[in-house]
Amino acid sequence: MFVDAGCSVSSHDTHAASVLFAVYTSEPQQPGQPKPHAATIAALTCALAERGMTIRDGLLVGDNTVTPYDGDPQDGQSLPLNATQSSQINAEFVYRGSTIAPANHITLPASTKDHRTADAVDDRIKAIHTMNPGEALEQARTLWHGMLDAISYPNDDQTISLIANFQAPAIRDQLMADIPGIDEPMDRVLLAQTHGGPQWSRVEWAQQLLLHAYTHSSTFVRPHRVGDPTGTPLMQAG
């Protein structure tokens, strides 16, 4: 499931030629032993190759250190995890998409699907901009939590609202922080500095919801950081 989802997301970026991935795990690394999720990464490599893409690099992120995925745990290439928390790559993983444009907002790409859906998303975005920011955020979180607690995909109107909510960086970051189901401040969740662990079933369902929204309308912002902060492979096209 992850391989198909990752390849699907990467294929939407026509300029991407390679991928950087990170695997988060609490498993201790032993010399000569298989890497965590080795079968998944091998399948991902093959699937990307079929699409003309390569793996640029991989990272293995443990509880206390980060190392090259293909590196030997005894070769001294590991870095303390706390040394990366204020690094450029950490900011890229967490906030990519929030501040790329000089105006600090997302520019909607041209839709290749139903123009009525694109118009509905635009209308919803305009409505959000007229609302009190706190009210807009609360409505977005209520809708999102309802989707995460549901057992079926949202209807078209709900999906359109979700797409629109993800166009506002402040709302989007909070919705992403809500995914793991960890009752801690947003910044700690986004920076993977939480004391509690994520709810894996909730994370997997959130990924499916976002992919559903993405395929529903090409106006949806690319989900570069779909995934959880502490457990499953995170992938970014580049």
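This briefing describes the nonpolar cores of the structure and the packing of two of its helices. The model is a predicted one. Its largest nonpolar core has 29 residues, and a second, separate core has 6 residues.

**The largest core**

- Within the core of 29 residues, W144, I171 and I179 have the most contacts.
- At least two residues of this core come from each of the helices α4 (115-130), α5 (133-149), α6 (156-165), α7 (169-178), α8 (186-190) and α9 (200-216).
- The helix that gives the most to this core is α9, with 6 residues.

**Surroundings of I179**

- When its neighbours within four places in sequence are left aside, I179 is in contact with W144 and L148.
- Under that same condition, I179 also touches R202, V203, A206 and L210.

**The second core**

- Residues of the separate, second core include A22, Y24, V61 and V66.

**Packing of α5 and α6**

- The axes of α5 and α6 lie 10 Å apart, and the two helices pack at an angle of about 125 degrees.
- Because of this angle, α5 is oblique to α6; angles of 65 to 115 degrees would count as roughly perpendicular, and those over 145 as roughly antiparallel.
- The crossing in which α5 passes α6 is left-handed.
- On the α5 side, the residues that meet α6 are A140, L143, W144 and M147.
- On the α6 side, their partners are Q158, T159, S161, L162 and N165.
- Sorted by class, this contact of α5 with α6 comprises 5 nonpolar and 4 polar residues, with no charged residues.
- W144 thus appears in two settings: among the residues with the most contacts inside the largest core, and among the α5 residues that meet α6.

Key
Residues are numbered from 1 along each chain as its sequence is written. This is a predicted model: local features need pLDDT of at least 70, side-chain atom pairs count only at pLDDT 80 or more; totals for chains, interfaces and linings use all residues. Side-chain values use heavy atoms; hydrogens and water are left out. A nonpolar core is a set of buried Ala, Val, Leu, Ile, Met, Phe, Trp, Tyr and Cys residues joined through side-chain atoms within 4.5 Å. Buried means under 20% relative accessible area, exposed over 50%, partly exposed in between (1.4 Å probe, protein chains only). Helices (H or I, at least four residues) and strands (E, at least two) are DSSP runs, numbered from the N terminus. Contact means heavy atoms within 4.5 Å. Axes are lines fitted to C-alpha atoms, for helices over the stretch in contact, and angles run from 0 to 180 degrees between N-to-C directions. Angles under 35 degrees count as roughly parallel, over 145 as roughly antiparallel, 65 to 115 as roughly perpendicular and the rest as oblique. A crossing is left-handed if the near helix is turned anticlockwise from the far one by less than a right angle, and right-handed if clockwise. Ala, Val, Leu, Ile, Met, Phe, Trp, Tyr, Cys and Pro count as nonpolar, Asp, Glu, Lys and Arg as charged, and the others, Gly among them, as polar.
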